[in-house]
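Visitor: I would like to walk through this model with you and ask how its labels are earned. Shall we look at it together?

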Amino acid sequence: MKFWLFFIEGALLTIAVVAGVWAFQIWQEPEAIKPGGCQETISVGKSVNGVDIAACRLIGSVIDSNDALLVIGTVHGDEPDGKRVVDELMTQAVASDTEIWVLRDANPDGAELVTRRNANGVDLNRNFPVKWVASDPMARTYSGPSPASEPETQALMNAVEQIKPTRIVVFHQPYAQIDCPPERPATISDRLSQLTGYKSECIPGEKSGSPTNSYTGTFTIWVNSTFPETTAVTFELGLTTMQTKIQTIAKALKALAADPSY
Ligand SMILES: [Zn+2]
């Protein structure tokens with residue numbers, strides 16, 4: 001009888017020791033790097049109302065790859081769906097040897113006010129300092145008092161200058177097509193079209209409502225005219241987008257980032 005008690009006590013003690021060692025090992029283990037989230041965040045400016053505008057290098061991205069992809073979720077405050085693409089991108093690991101940056105929201109005040117323009121009533125995508133044209137302050141596409149007058153425009157310029165991406169995809173709505181990049185062949189647009197099913201086609205300038213009937217002072221005009229090594233493409237989502245399509249687009253962006261030939 002005594003022997004059995006001794007045996008059970010011994011067994012219980014062994015279990016307690018093993019469990020203790022196991023718990024200690026788990027407690028000691030460094031926090032594993034999970035896919036998604038930011039490995040590095042840089043502040044590139046503030047909105048008119050003082051909201052921080054930040055860019056994030058996705059976890060798993062290499063540093064200074066010379067082929068960074070920058071994805072911009074939103075420039076117009078009433079076009080929120082590009083942020084869903086960014087959020088989707090942030091849930092998954094990036095392919096090895098690739099560098100992906102995201103700038104989720106370049107117009108946080110516009111998003112808050114659910115308006116296209118910023119808190120000064122300026123259309124940021126007409127405020128860039130290449131082919132800038134003065135326009136009616138009451139217009140939906142008011143280009144601002146002077147080129148790059150707006151802090152959000154300057155924040156986007158800072159992001160490009162600091163990150164030095166070779167490819168930039170910027171989301172807008174609602175034309176459901178991938179625009180041809182100004183000053184560049186449509187290679188990236190065509191590739192994204194293959195991967196997502198959205199048509200790759202130039203968006204006619206008369207849609208812009210500008211006095212010249214062509215786009216003026218846009219982000220992509222500024223990037224493609226200023227940085228010979230960088231191509232910026234506008235991806236127009238539709239009015240509404242199913243989540244499965246958002247996932248397809250996020251995957252396509254990862255594939256684009258992983259293939260420097262585009
Ligand atoms: Zn837009």
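Visitor: What makes residues 28–33 a stretch of low pLDDT?

Guide: This is a predicted model, and pLDDT is the predictor's confidence in each residue, from 0 to 100. Over residues 28–33 the value stays under 50, whereas local features need at least 70. The model has one contact beyond four places in sequence for residues 28–33.

Visitor: And what is the mean pLDDT of the protein chain?

Guide: The mean is 89, and 84% of the residues reach 70 or more.

Visitor: Why is Asn-127 called buried?

Guide: A residue counts as buried if 20 or more other C-beta atoms lie within 10 Å of its own. Asn-127 has 30 such atoms within 10 Å, so Asn-127 is buried. You will find Asn-127 in the loop between α3 (108–113) and α4 (151–163). Its contacts beyond four places in sequence include Ser-143, Gly-144, Thr-153 and Gly-217. Of the 262 residues of the protein chain, 42% count as buried.

Visitor: What makes the crossing of α2 and α7 right-handed?

Guide: A crossing is right-handed if the near helix is turned clockwise from the far one by less than a right angle. Helix α2 (residues 81–89) and helix α7 (residues 243–258) pack at about 65°, with their axes 9 Å apart, and α2 passes α7 in a right-handed crossing. Arg-84, Val-85, Glu-88 and Leu-89 of α2 meet Ile-246, Gln-247, Ile-249, Ala-250 and Leu-253 of α7.

Visitor: How many residues of that contact of α2 with α7 are nonpolar, polar or charged?

Guide: Six are nonpolar, one is polar and two are charged. Arg and Glu count as charged, and Arg-84 and Glu-88 are in the contact.

Methods: Residues numbered from 1 in each chain as written. Predicted model: local features only at pLDDT ≥ 70, side-chain atom pairs only at ≥ 80, totals over all residues. Buried ≥ 20, exposed ≤ 12 C-beta atoms within 10 Å, placed from the backbone. Helix = DSSP H or I, 4+ residues; strand = E, 2+ residues; numbered from the N terminus. Contact = placed C-beta atoms within 7 Å. Axes fitted to C-alpha atoms, helices over the stretch in contact; angles between N-to-C directions.
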